[in-house]
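Reader: I've got the sequence and the model open, and I'd like to quiz you on the words you use for it. Ready?

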2 protein chains.
Amino acid sequence: MTTIRDVAKKAGVSVATVSRFLNSTGYVSQEAAEAVSAAVAELKYELNPVARSLNTKKSNLIGLILPDITNPFFPELARAVEDIALTYGYTVILCNSDEKPEKEKNYIETLKKKYIAGFIVTSNQSDAPHYANANLPIVALDRIINEKIPTISSNNKEGASLGTKALLDRGCKNILFLRGPEDLNPANDRYEGFMETIQQVDANYHVVSCPFHFADSQKIVEQMLRDHPEIDGIFASSDVSAAGALKAAALLGIAVPEKLQIVGFDGVALGEMLTPGLTTVAQDVYKMGAIATRVLIKRIENQEIDHQFYEVPVKLVLRGTTRSGIE
Amino acid sequence: MTTIRDVAKKAGVSVATVSRFLNSTGYVSQEAAEAVSAAVAELKYELNPVARSLNTKKSNLIGLILPDITNPFFPELARAVEDIALTYGYTVILCNSDEKPEKEKNYIETLKKKYIAGFIVTSNQSDAPHYANANLPIVALDRIINEKIPTISSNNKEGASLGTKALLDRGCKNILFLRGPEDLNPANDRYEGFMETIQQVDANYHVVSCPFHFADSQKIVEQMLRDHPEIDGIFASSDVSAAGALKAAALLGIAVPEKLQIVGFDGVALGEMLTPGLTTVAQDVYKMGAIATRVLIKRIENQEIDHQFYEVPVKLVLRGTTRSGIE
DNA sequence: CTAGTATGTGTAACCGGTTACACAACTATA
DNA sequence: TATAGTTGTGTAACCGGTTACACATACTAG
């Protein structure tokens, strides 16, 4: 392995000059620069990032902390983070937290020892002093940790309003809202959006809390549809829940979208694979991940960031679980 | 930050003794051990992994190279790798290769500079000298790179046979086999398994190549069902393709499973969310990832491994796209 | 003409570990 | 009793970079 000393010798300068040239720090004469450049090329010198880390106390590692990569929302996010990180020369470490503060804390401490550059965090823990005190660049997704930590989020409230209107516009009079976990910020924003919209019109509605889990949602919806046959529209706070609702309807022999219309939230690939295709409020997950990564890297590199809060717009995607015409 | 020198001073010994104690290398007297142990506890000393890496030229980083985490097969794999790695004190770096040898090579080189401990590779590139020459512990999933690299794979051929039989046993006489990409090892094993099984019985069949992609599969199947209305069973080499087939059938108004039965391959979560639920040959993806990680860590730590080739059994999961009784 | 600033470079300490080697003391063997 | 082997420890070099500081030269302004 060629070291900076080999390069210095070959170029006839000191290691300090080589280092200055490589890092564009301090003065280096034209002459010296060329000599070093030539030596680097000739020796095929490549800087050792570990040695550098040891005294700069920095690395180009980014930690991505998410609850569970297995949850269909996260792979696309991870993909975006990795893509963008790569273009800036950063490497992504995957951390599944299972929402456990203990695990998150553990990752943060382990990776701090490796001089990790920063973290992107997707978590629903309402309180997280280990983030606030981490003393590291952090960007949050979907949840505000504190006012100093930039946050990227979908426009959940607006999205919920869109989804609700989609059902109302298509004639629904009795809407079931599948509310997500109550300790989850984005789910609560969606709840607010639904409530504000539904209360402006003359329609009945039910709200049921329901985890973002297929089988549970299916069971809950099945029971609701049995107890309340008048329900003619379901708005689920996640696509997975919506899939559960669709399955429940199928099992009960309720025609979708003729007798019951369903709208989901997320826009994951699953939606188009269902029959009928799932109408949903689609988040631009890739974009969220991309923005989060760019913001984080700016923070890492001490550049100014434009905002503390980025809201990514959502989009209504109409498919087969809603009727085509607006009544 | 407390260093090994602080500990040495506190314990009244040399840094060498501290290091020997921490690494269990060389001789350390009972007395010295206790003094060091006490000093470590008192100073809350934690070893700096970067400094260690610099001269051992080793780290506890594992690279996970996969085509695209967005593909529903991989999140569970990634999860397994991360879980197991964590229990052994390793950290996982996520690398999306998009099947491009260039990207893979780039990751390998970048991470080698960080003294990465080893790689788990899921790739379909048939030729990969950069792996063979990487001079690092590597474990392959689903594909044999060369005889020196341990490989973990599902029993694809056996699985294909199972899936084919499931259709035959339920009365299918005209089976469409959706073969996967032809440059993909596991897909070819499944093809072989299908062919061997179907040729032993008196049944018609068609074979069509078809990427593991929903919309493409749907189109291909739609066309095939139009051209060959006699088809009464479809065996897809992946669940995503099977989902496409199911959608095609729905669009054409063909009753599943009454007129057409469908079996997929993979066992991803999507299967149970479809209506009817997808009968499939399920791979134990988590187990594959777990085994791969354990084998890799054994290689990293120079322990003996049991086999060069691990075949993980598959399981037929019966759901609604096949009829319940065997005829 | 001189002080002050910008330009340019090298020496050597430092980041925080590991380890080769030298050396001491003690035990076992012939 | 001489010799070899085992146990135990410390010094200092080393991994491969960065950077504080000292020093030298050239240029500018007063």
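Reader: How many disulfides does the structure hold over all chains?
Author: Zero. Before we go on: this is a predicted model, where local features need pLDDT of at least 70, side-chain atom pairs count only at pLDDT 80 or more, and totals for chains, interfaces and linings use all residues. Residues are numbered from 1 along each chain as its sequence is written, chains are lettered from A and ligands numbered from 1 in the order in which they are written, and side-chain values use heavy atoms, with hydrogens and water left out.

Reader: Why is there no bond between A:Cys172 and A:Cys210?
Author: A disulfide needs two cysteine sulfur atoms within 2.5 Å. A:Cys210 has the closest cysteine sulfur to that of A:Cys172, but the gap is 18 Å, so it's too far for a bond. Over in chain B, B:Cys210 is in no disulfide either, as its nearest cysteine sulfur belongs to B:Cys172, 18 Å away.

Reader: What makes A:Cys172 count as buried?
Author: Its relative accessibility is 2%. Buried means under 20% relative accessible area, exposed over 50%, and partly exposed in between, using a 1.4 Å probe and protein chains only. A:Cys172 is therefore buried, and B:Cys210, also at 2%, gets the buried label too.

Reader: Why is A:Arg79 called buried?
Author: Its 8% relative accessibility falls under that cut-off, so A:Arg79 counts as buried. A:Arg79 sits in helix α5 of chain A, residues 74-87. (Helices are DSSP runs of H or I with at least four residues, strands are E runs of at least two, and both are numbered from the N terminus.)

Reader: Which residues is A:Arg79 in contact with, beyond its neighbours within four places in sequence?
Author: Contact means heavy atoms within 4.5 Å. By that test the list holds A:Tyr286 plus a run of chain B residues: B:Pro67, B:Asp68, B:Ile69, B:Thr70, B:Asn96, B:Asp98 and B:Lys103.

Reader: What is the area buried between chain A and chain B?
Author: About 4,000 Å², with carbon and sulfur atoms giving 62% of it. Buried area is the accessible area, with a 1.4 Å probe, that two parts lose on being put together, summed over both. On the contact count, 47 residues of chain A meet 46 of chain B. A:Arg79 turns up again here: together with A:Lys113 and A:Met273, it supplies 17% of what chain A buries against chain B, more than any other three residues.

Reader: On to the DNA. Which residues come nearest to DNA strand D?
Author: A residue is near a strand if one of its heavy atoms lies within 4 Å of it. There are 31 residues around DNA strand D, and A:Ile4, A:Arg5, A:Ser19, A:Asn55 and B:Ser29 come nearest. Sugar and phosphate make up 60% of the strand D atoms that come within 4 Å of the protein.

Reader: What makes the A:Asn55 pair with DNA strand D a polar contact?
Author: A polar contact is a pair of N or O atoms within 3.5 Å; within protein, one must be able to donate a hydrogen and the other to accept it, and residues adjacent in sequence count only if both atoms are side-chain atoms. A side-chain N or O atom of A:Asn55 is 2.5 Å from a sugar or linking oxygen of DNA strand D, so the pair passes. A:Ile4 offers a polar backbone atom 2.7 Å from a phosphate oxygen of that strand. As for elements, α4(A) gives the most to the surface near DNA strand D, with five residues.

Reader: Which part of DNA strand C does the side chain of B:Arg5 meet?
Author: A base nitrogen, 2.5 Å from a polar side-chain atom of B:Arg5. B:Ala51 has a polar backbone atom 3.5 Å from a base nitrogen of DNA strand C. α4(B) gives the most to the surface near this strand, with five residues.

Reader: Last one: why is A:Thr321 called buried?
Author: A:Thr321 has 0% relative accessibility, so it counts as buried. A:Thr321 lies in the segment after β12 (315-317) of chain A. Residues that A:Thr321 touches include A:Leu246, A:Val256 and A:Pro276. A:Ile262 puts its backbone oxygen 2.6 Å from a polar side-chain atom of A:Thr321.
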